[in-house]
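Let's take a walk through this structure, one piece at a time. Have a look at it first, and then read on.

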Amino acid sequence: MNMATERKPAPMLDVERIRADFPILGEQIYGKRLVFLDSAASAQKPRQVIDAERMVYEREYANIHRGVYYLSQRATDAFEAARETTRAFLNARETREIVFLRGATEGVNLVAQSWGLDNLKVGDAIVLSTIEHHSNIVPWQLLRDRLGFEIRVAPVDDEGQIDMAAYRDLLDERVKLVAITHCANSIGTITPIREIARLAKEQGAVVLVDGAQAAPHLRIDVQEIGCDFYVFSGHKTYGPSGAGALYGRGELLDAMPPWQGGGEMITRVSFEESRFHEVPHKFEAGTPNIAGTIALGAALDYISGLGHEAILAHEHDLLDYAMARLGEINSLRVIGTAREKAAIVSFTLGDIHPHDVGTILDREGIAVRVGHHCAQPTMDRFDLPATVRASFGIYNTREDVDALYDGLRKTLEIFA
Amino acid sequence: MFDLQDLYQEIIIDHSKRPRNFGALEGANRHAEGDNPLCGDQIKVHLIVEGDTVREARFEGRGCAISTASASVMTDTIKGKPVAEVKALFEQFHRLVTGEEEPSDDVLEVDRLGAFAGVRDYPMRVKCATLSWHTMNAALEGRDDPISTE
């Protein structure tokens with residue numbers, strides 16, 4: 001950030017205007033105002049994204065990268081423009097370093113099955129952390145079972161932040177990969193990802209960052225982080241489901257074998273051999289989610305238009321307010337209290353089971369996630385089967401926090 | 001539309017907070033384990049079956065209010081009943097909570113099973129109410145593999 005930007009007053013989000021962009025927020029749930037506090041599972045979509053996807057089908061749809069006709073060219077241009085938008089969003093060096101996929105999960109699987117299969121063997125180790133989403137655990141276990149390398153786990157402290165001393169101790173010459181989240185979906189911890197990457201690099205390890213939960217909240221700069229791979233999902237960034245991206249450092253992507261075979265990823269096929277396209281097309285077999293990917297570009301434009309500083313300031317305000325209000329409830333225990341944290345509040349309410357809390361809040365029009373949040377090792381770390389998770393986004397307000405507070409009071413009354 | 005009170009009736013709150021027949025069962029000759037991976041609910045059902053009769057029933061485990069209350073009421077209900085009647089009740093209870101049968105039947109009312117009729121309005125919670133029953137049924141059938149609602 002340069003001096004000129006720093007001198008500007010803190011930017012503000014015009015939340016009322018943002019809310020007007022999200023048609024679903026006008027829905028009534030059991031006759032009550034929808035209070036959507038589950039953006040960490042999947043965010044709602046602004047009209048700009050919905051319109052972008054509809055526009056493709058109404059005005060410019062055709063298969064891409066193959067037709068000689070006008071429409072196909074137009075669809076191809078829009079698809080490739082989304083790639084450039086995504087490059088800018090992640091501040092990657094080159095547009096070709098962006099591979100379009102279904103989402104973060106597919107990104108991790110691609111790296112595991114392509115890079116991992118070629119580069120990991122018995123005697124090697126990889127490092128994950130306790131607070132990973134299952135999608136950054138299971139693909140590595142599947143590969144471990146085939147190749148026989150070791151999986152090491154960087155623990156977290158009682159606040160839910162990665163124990164950096166313990167992490168450092170795990171790093172030795174056997175470690176070939178560090179795959180760690182930028183922001184924990186279950187408890188909101190923002191990890192010191194630059195330091196994590198720097199230490200991994202000192203050991204010569206390749207670094208993959210799971211950015212699924214960070215992308216809607218934080219400014220991302222893959223060059224500044226110094227990672228080799230970064231994955232995120234469109235549906236958490238106010239974009240469509242089934243569209244997401246993998247950033248891969250160019251030299252690594254060039255050296256990696258294709259993952260899936262099919263059309264679009266080849267230059268010449270015969271029964272004796274096939275020749276593959278250049279990166280990124282080498283990794284994009286088959287007809288992709290054309291309209292969804294173009295709409296993903298619209299979602300990233302929407303976020304960038306609001307500005308990451310303004311988003312962060314708004315969400316910090318909501319987080320502080322939520323922690324203060326929920327702190328008024330004696331029997332409420334917040335899980336995950338790291339100093340660096342996204343607007344995600346995971347908690348338990350006395351000995352009331354999270355599913356009962358979730359059902360009662362639902363009848364108040366409040367959507368929260370209950371369960372293990374696809375992060376069972378995190379739940380195990382805090383010795384809980386499940387939590388209630390309220391997660392906030394650009395369209396949430398202090399009024400939403402108040403509604404949550406009232407809903408929790410009602411829950412306590414019912415179980416009194 | 002059902003009100004929340006129809007789901008969280010007094011009987012359900014009471015049984016969830018003070019579950020009856022909770023704990024291990026000495027002399028049990030039938031056991032089964034049930035698991036609801038969605039909620040993390042786990043339950044063990046222990047039975048003493050003598051001849052054609054369920055003599056004693058207890059349960060262990062942790063779960064939500066609906067699943068705990070359901071296990072508590074169920075164990076109360078089936079004690080002393082013939083196995084055939086217990087199996088018929090299981091079928092009937094299943095129809096009740098999935099909305100296939102109206103909660104007007106005398107048997108359901110007498111045994112307080114009718115209290116669970118509200119679950120039918122919460123499809124995500126039907127499994128919570130039926131977990132203990134499925135597990136009990138597995139115990140009767142002598143199945144060793146854990147029961148899963150998934």
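What follows is a short tour of a predicted model, from domains to single residues.

## Two domains in chain A

Start with the big divisions. The domain assignment splits chain A into domain 1, made of residues 3-46 plus 307-414, and domain 2, covering 50-305. Taken over C-alpha atoms, the centres of domain 1 and domain 2 of chain A are 27 Å apart. The two do touch: 41 residues of domain 1 of chain A are in contact with 37 residues of domain 2 of chain A.

## The sheet in chain A

Now find the open sheet of seven strands in chain A, where the pairing is mixed and the order reads S4-S10-S9-S8-S7-S5-S6. Strands S4 (98-101) and S6 (150-154) of chain A sit at the edges; each has a single partner strand, so one side of each has no neighbour in the sheet. Going from one strand to the next, the twist averages 20°.

At one of those edges, S5 (residues 125-129) of chain A runs parallel to S6(A), and five bridges join them. If you want a spot to zoom in on, A:Ala125 stands opposite A:Glu150 in S6(A). There's a helix to look for as well: H5 (residues 104-119) of chain A lies across S4, S7 (175-181), S8 (206-210), S9 (229-233) and S10 (244-248) of chain A. Helix H5(A) runs at about 150° to S9(A).

## Strands and turns in chain B

Over in chain B, strand S2 (residues 41-50) pairs with strands on the two sides of it in sequence. With S1 (residues 30-36) of chain B, S2(B) forms an antiparallel pair over seven bridges, and B:Asp35 stands opposite B:Gln42. That hairpin has four residues between its strands, and B:Gly40 takes a positive phi near 80° there.

With S3 (residues 53-62) of chain B, S2(B) is again antiparallel, this time over nine bridges. Here B:His46 has B:Arg58 as its bridge partner. This hairpin has two residues between the strands, and B:Gly51 has a positive phi near 60°. S2(B) is mostly covered, with seven of its ten residues buried.

## A covered helix in chain B

How far apart are the ends of helix H3 (residues 65-78) of chain B? At 1.5 Å a residue, its 14 residues should span 20 Å, and the end C-alpha atoms are indeed 20 Å apart, so the two agree. H3(B) is mostly covered too: 13 of its 14 residues are buried. After H3(B) comes B:Gly80, with a positive phi near 85°.

## The nonpolar cores

In soluble globular proteins, nonpolar side chains tend to be buried together. Here the largest nonpolar core has 73 residues, and A:Leu408 and B:Leu47 touch the most other members. Helix H6 (residues 126-140) of chain B gives the most to this core, with nine residues.

Leaving aside neighbours within four places in sequence, A:Leu408 is in contact with residues including A:Leu326, A:Phe347, A:Val357 and A:Leu361. There's also a second, separate core of 71 residues, with A:Ile18, A:Leu25, A:Phe232 and A:Tyr395 among them.

## One arginine to look at

Is A:Arg19 buried or exposed? Its relative accessibility is 14%, so A:Arg19 counts as buried. You'll find A:Arg19 in helix H2 (residues 15-21) of chain A. Beyond its neighbours within four places in sequence, A:Arg19 is in contact with A:Leu25, A:Arg33, A:Tyr395, A:Thr397 and A:Asp400.

Methods. Residues are numbered from 1 along each chain as its sequence is written. Chains are lettered from A and ligands numbered from 1 in the order in which they are written. This is a predicted model: local features need pLDDT of at least 70, side-chain atom pairs count only at pLDDT 80 or more; totals for chains, interfaces and linings use all residues. Side-chain values use heavy atoms; hydrogens and water are left out. The expected span of a helix is 1.5 Å times one less than its number of residues. Buried means under 20% relative accessible area, exposed over 50%, partly exposed in between (1.4 Å probe, protein chains only). Two strands pair if DSSP finds at least two bridges between them. Axes are lines fitted to C-alpha atoms, for helices over the stretch in contact, and angles run from 0 to 180 degrees between N-to-C directions. Contact means heavy atoms within 4.5 Å. A nonpolar core is a set of buried Ala, Val, Leu, Ile, Met, Phe, Trp, Tyr and Cys residues joined through side-chain atoms within 4.5 Å. Domain bounds come from an automatic or database domain assignment.
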